[in-house]
Amino acid sequence: MPNPKRRHSKARRDRRRSHDFLKRPAGSICPNCGETKLPHRACSHCGYYRGRDVIDVEDVL
C-alpha cells in the first residue's frame with residue numbers, strides 16, 4: 001500500500017474539501033397556495049399536487 005512521502009499543504013486539502021458543503025434542497029412554489037414545497041411532491045401546506053387535492057392536511061396535522 002503506497003503511503004504519502006510528503007505532507008499535503010493546507011491549500012491542497014482545502015481545494016479538495018471545497019465541494020463537501022451541504023446543498024440546500026431544490027424548492028418550487030405551490031401554484032395553489034404559493035408556499036414553498038419540494039418538487040414532484042404534494043404541498044405540505046395545502047395538500048394539493050398537480051391541481052388535485054391528494055392529502056387531507058387537517059388529518060395529518
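A residue counts as buried under 20% relative accessible area, as exposed over 50%, and as partly exposed in between. Keep that scale in mind for the walk ahead. The model shown here is predicted.

Start with the one salt bridge that a search of the whole structure finds. Arginine 13 forms this bridge with aspartate 14. Their closest N and O atoms are 3.1 Å apart. A salt bridge requires such atoms to be within 4 Å, so this pair qualifies. Are the two partners buried or exposed? Aspartate 14 has a relative accessible area of 40%, so it is partly exposed. Arginine 13, at 30%, is partly exposed as well.

Now step back to the whole chain. How many helices and strands does the protein chain have? There are two helices and four strands. Follow the sequence and the order reads α-β-β-β-β-α. The radius of gyration is 22 Å, while the globule rule gives 10 Å for 61 residues. The actual value is well over the rule, so the chain is more spread out than a compact globule. The C-alpha trace tells its own story: along its principal axes it spans about 65 × 25 × 20 Å.

Next, look at burial and contacts. Of the 61 residues, 10% count as buried. The chain exposes about 6,200 Å². Carbon and sulfur atoms supply 51% of that area. Then take the contacts between residues at least 6 apart in sequence. What share of them joins residues at least 24 apart? The share is 0%.

Charge comes next. The protein chain carries 15 positive and 7 negative charges. The mean positions of these two groups lie 27 Å apart.

Now move to the loop between strand E2 (36-37) and strand E3 (48-49). Leucine 38 is found in this loop. Its relative accessible area is 41%, so leucine 38 is partly exposed. Which residues does leucine 38 touch, leaving out those up to four places away in sequence? They are Pro25, Ala26 and Ser28. Compare that with aspartate 56, which is 18 residues from leucine 38 along the chain. The C-alpha atoms of these two are separated by 18 Å.

Histidine 40 is found in the loop between E2 and E3 too. Its phi is near 65°. That is a positive value in a residue other than glycine. With a relative accessible area of 69%, histidine 40 is over the 50% mark and therefore exposed.

Go on to histidine 45, also in the loop between E2 and E3. Histidine 45 is partly exposed, with a relative accessible area of 49%. The cut-off for exposed is over 50%, so histidine 45 stays in the middle class. Histidine 45 touches Cys33, Glu35 and Val57, again not counting residues up to four places away in sequence. Take cysteine 33 from that list. It sits twelve residues from histidine 45 in sequence. In space, the two are 7.8 Å apart, C-alpha to C-alpha.

One more loop remains on this route. It runs between E3 and strand E4 (52-53), and arginine 50 lies in it. What is the phi of arginine 50? It is positive, at about 55°, although arginine 50 is not a glycine. Arginine 50 has a relative accessible area of 71%, so it is exposed.

Put the pieces together. The chain is more spread out than a compact globule, and 10% of its residues count as buried. Histidine 40 and arginine 50 each have a positive phi, and each is exposed. Histidine 45 and leucine 38, by contrast, are partly exposed.

Key
Residues are numbered from 1 along each chain as its sequence is written. This is a predicted model: local features need pLDDT of at least 70, side-chain atom pairs count only at pLDDT 80 or more; totals for chains, interfaces and linings use all residues. Side-chain values use heavy atoms; hydrogens and water are left out. The radius of gyration is taken over C-alpha atoms; the globule rule is 2.2 Å times the number of residues to the power 0.38. Buried means under 20% relative accessible area, exposed over 50%, partly exposed in between (1.4 Å probe, protein chains only). Contact means heavy atoms within 4.5 Å. Accessible areas come from the Shrake-Rupley method with a 1.4 Å probe; for residues, only the protein chains shown count as cover. Lys and Arg count as positive and Asp and Glu as negative; His and the chain ends are not counted. The place of a charge is taken as NZ of Lys, CZ of Arg, CG of Asp or CD of Glu. A salt bridge is a side-chain nitrogen of Lys or Arg within 4 Å of a carboxyl oxygen of Asp or Glu.
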